[in-house]
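Here is a quick tour for anyone meeting this structure for the first time. Have a look at the sequence and the model, then read on.

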Amino acid sequence: MSCSREPYGTVTHRNRDGHPDQWVYRIGQDSYKIAIDTNSDGRPDLVKTYEDNEVVQIESDRNFDGKVDLIQEYSHGVLAREIHDDDFDGKSETIKEFRHGKLAIVEQDPQERGYIDIVEYYDDSGKLVRREVRHK
Ligand SMILES: [Ca+2]
Ligand SMILES: [Ca+2]
């Protein structure tokens, strides 16, 4: 038996049809990725990256088109940053930064020109305290 022909790594779990729905691949001494096929179309749509057995990044393909549209970065197990492509065109338009796991800053590039137009600052209660518009 060999797992080397699997395109996404070592199969660790199969669904009831016998199709693989979870793959693990090692990327370093103490780091690895787990790719999960959540909608059973045979392609991974959720990839979790672990370092020292702690999740550091989760990449999601929420509309199952094969492209990552949400990246979540974790620091010491706490959500630190999210990069959103909410219109699923392959370009991100929103970056959210978190402080102690709570939303702190939202940076928006609504026209997807590659730089931030709007920055919103939130306090610990989740209230918007300041909004800056940088480009017209
Ligand atoms: Ca899938
Ligand atoms: Ca987009």
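What follows is a short briefing, grouped by topic.

This is a predicted model, in which local features need pLDDT of at least 70, side-chain atom pairs count only at pLDDT 80 or more, and totals for chains, interfaces and linings use all residues. Residues are numbered from 1 along each chain as its sequence is written, while chains are lettered from A and ligands numbered from 1 in the order in which they are written. In brief, the chain has eleven strands and zero helices, and its strands form an open antiparallel sheet.

**Confidence**
- The chain has a mean pLDDT of 91, with 94% of its residues at 70 or more (pLDDT is the predictor's confidence in each residue, from 0 to 100).
- Confidence is highest in β6 (residues 70-75), with a mean of 98, and lowest in β1, with a mean of 84.

**Overall build**
- Helices and strands here are DSSP runs numbered from the N terminus (H or I and at least four residues for a helix, E and at least two for a strand).
- The C-alpha atoms fit a box of roughly 60 × 30 × 25 Å along the principal axes.
- The radius of gyration is 18 Å, whereas a compact globule of 136 residues would come out near 14 Å (it is taken over C-alpha atoms, and the globule rule is 2.2 Å times the number of residues to the power 0.38).
- Just 8% of the 136 residues count as buried (buried means 20 or more other C-beta atoms within 10 Å of a residue's own, exposed means 12 or fewer, and partly exposed is in between, with C-beta atoms placed from the backbone).
- Among contacts with a separation of 6 or more, 4% link residues 24 or more positions apart (a contact means C-beta atoms, placed from the backbone, within 7 Å).

**The sheet**
- The strands line up in the order β1-β2-β3-β4-β5-β6-β7-β8-β9-β10-β11 (two strands pair if DSSP finds at least two bridges between them).
- At the edges sit β1 (10-14) and β11 (128-133), each pairing on one side only.
- Strands β3 (residues 31-36) and β4 (residues 46-51) run antiparallel and share six bridges; isoleucine 36 is partnered with leucine 46 in β4.

**The far end**
- Five bridges tie β10 (residues 118-122) to β11 in antiparallel fashion, and tyrosine 121 has arginine 130 in β11 as its bridge partner.
- The hairpin of β10 and β11 has five residues between its strands, and there glycine 126 takes a positive phi near 90 degrees.
- Why does β11 lie largely in the open? Zero of its six residues are buried, so that's where it ends up.

**Residues worth a look**
- Serine 60 belongs to β5 (residues 54-60) and is partly exposed, because it has 16 other C-beta atoms within 10 Å.
- Beyond its neighbours within four places in sequence, serine 60 touches Asp45, Leu46, Val68, Asp69 and Leu70.
- Histidine 76, in the loop between β6 and β7 (78-84), has a positive phi of about 50 degrees although it isn't a glycine.
- Is histidine 76 buried or exposed? Histidine 76 is exposed, because it has 7 other C-beta atoms within 10 Å.
- Phenylalanine 88, in the loop between β7 and β8 (94-99), also isn't a glycine but has a positive phi of about 60 degrees.
- With 14 other C-beta atoms within 10 Å, phenylalanine 88 is partly exposed.

Technical notes: Contact = placed C-beta atoms within 7 Å.
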